[in-house]
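Open the model in your viewer and keep the selection panel at hand. The tour starts at the ligand and works outward.

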Amino acid sequence: MAKTVKTIGVLTSGGDAPGMNAAIRAVVRTAINRGMKVKGIMRGYAGLLAEEIIDMKTTSVSEIINKGGTILYTARCMEFTTPEGQRKGAEICRKHGIDGMVVIGGDGSYRGAGKLSALGINTIGVPGTIDLDIACTDYTIGFDTAVNTAMQAIDKVRDTSTSHERCSIIEVMGRHAGYIALWCGIANGAEDILLPEKYDGNEQVLINHIIENRKIGKKHHIIINAEGIGHSTSMARRIEAATGIETRATILGYMQRGGGPTCKDRVYASIMGAKAVELLANGVSNRVIAYKNGEFTDFDIQEALAMQKDLPEDQYEISKLLTR
Ligand code: ADP
Ligand code: F6P
């Protein structure tokens, strides 16, 4: 029989992402308005093991929907990857009366959520990462804000790159995935887009492209390089030496992860947070919320973790046609 959840814990884990606060707000308000209690767990699984647990009211989440970061803070926690750490986490949940949990984070956080679920704490994952690298979902909280932030920054680099007639290599985040690079590459009209899923390391092709573009009168050459490839600074040195064209590297870094969330991130995160609570209210456990083929849905955690995600081939092909 479905277990009725009385008290929901909510935590954010892994890298923060703009929109996580909107998800926390939705969890808290949906749960309280459905007659449940909510406890906020600070600093992800690390805070759970340290019993950093606070009572949350509807007003605890006032004034946060527009804010980047996460009011619950976030952390990475090795101890929770061990069976002892997981058992301790489940025990602490029980001690605090937490019988349902919403974990907002990426794949790693889902693994922890699956463990909590197996130990009897009804647990639901919500996809929070700027990287868009969760296979079961076409949307992750924070991606939209991150690409918009990066796009605006790249536009600025482009201006000065044009004035100085330089080549610019701009490195964007994404861990092992190229989604942020692909989107920025298209949105910023980059001359080259280097994606970890596709790049073969052949710098001569880049060099030839830069030289050809100079011949047809292009004033700048923007290369969007994904973090998963990296080495932007040394790449810039080699390209400058080979082309004779001044080449600078800019690593956008953490600015991509901060800032107020876009409308899409606020709305989707709110819907996902609310849907996570709905599942818990219905006695469901071990699921992750997803947005797939235009609809909000949910998947079994282990099935979601086993899924593979490939960069959309059509989008990649289009991006290549637009850079030439
Ligand atoms: P993300 O959730 O963004 O993928 P991480 O991979 O860093 O970020 O995972 C966040 C946290 O989730 C880890 O610090 C750890 O506490 C927990 N976690 C990761 N993998 C596991 C696992 N196999 N079992 C239990 N917990 C895990
Ligand atoms: O997962 C989000 C992300 O920003 C990745 O793009 C990046 O590789 C990683 O987190 C950086 O993590 P940290 O905050 O530990 O440096």
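Select ligand 1 in this predicted model and show its surroundings. The shell holds 15 residues. Closest are R76, C77, G106, G108 and S109. Display those five as sticks.

Next, pick out the oxygen atoms of ligand 1 and look for polar partners. Start with S109: a polar atom of its side chain is 2.5 Å from a ligand 1 oxygen. Move to R76, where a side-chain N or O atom sits 2.7 Å from an oxygen of ligand 1. Then go to G108. Here the backbone supplies the partner, with an N or O atom 2.9 Å from an oxygen of ligand 1. Now switch on the surface: of the 550 Å² of accessible area that ligand 1 has on its own, the protein covers 81%.

Stay with the surface. Which pocket does ligand 1 occupy? The space it takes is the largest pocket.

Color the shell by residue class. Nine of its residues are polar, three are nonpolar and three are charged.

Which element gives the most to this shell? Select residues 107-118, helix α4: it contributes five residues to the shell around ligand 1.

Now zoom out and show the cartoon. The chain has eleven helices and eleven strands. Align the view to the principal axes: the C-alpha atoms fill a box of roughly 70 × 35 × 35 Å.

Finish with the overall dimensions. The chain's radius of gyration is 22 Å. That agrees with a compact globule, because 324 residues packed that way would have a value near 20 Å.

Conventions:
Residues are numbered from 1 along each chain as its sequence is written. Chains are lettered from A and ligands numbered from 1 in the order in which they are written. This is a predicted model: local features need pLDDT of at least 70, side-chain atom pairs count only at pLDDT 80 or more; totals for chains, interfaces and linings use all residues. Side-chain values use heavy atoms; hydrogens and water are left out. A residue is near a molecule or strand if one of its heavy atoms lies within 4 Å of it. A polar contact is a pair of N or O atoms within 3.5 Å; within protein, one must be able to donate a hydrogen and the other to accept it, and residues adjacent in sequence count only if both atoms are side-chain atoms. Accessible areas come from the Shrake-Rupley method with a 1.4 Å probe; for residues, only the protein chains shown count as cover. On a 1 Å grid over the protein atoms alone, a cavity is a set of points where a 1.4 Å probe fits but cannot get out, and a pocket is an open set with protein on both sides within 12 Å along at least five of seven lines; lining residues have an atom within 4 Å of a point. A molecule sits in a cavity or pocket if more than half of its atoms lie within 2 Å of its grid points. Helices (H or I, at least four residues) and strands (E, at least two) are DSSP runs, numbered from the N terminus. Ala, Val, Leu, Ile, Met, Phe, Trp, Tyr, Cys and Pro count as nonpolar, Asp, Glu, Lys and Arg as charged, and the others, Gly among them, as polar. The radius of gyration is taken over C-alpha atoms; the globule rule is 2.2 Å times the number of residues to the power 0.38.
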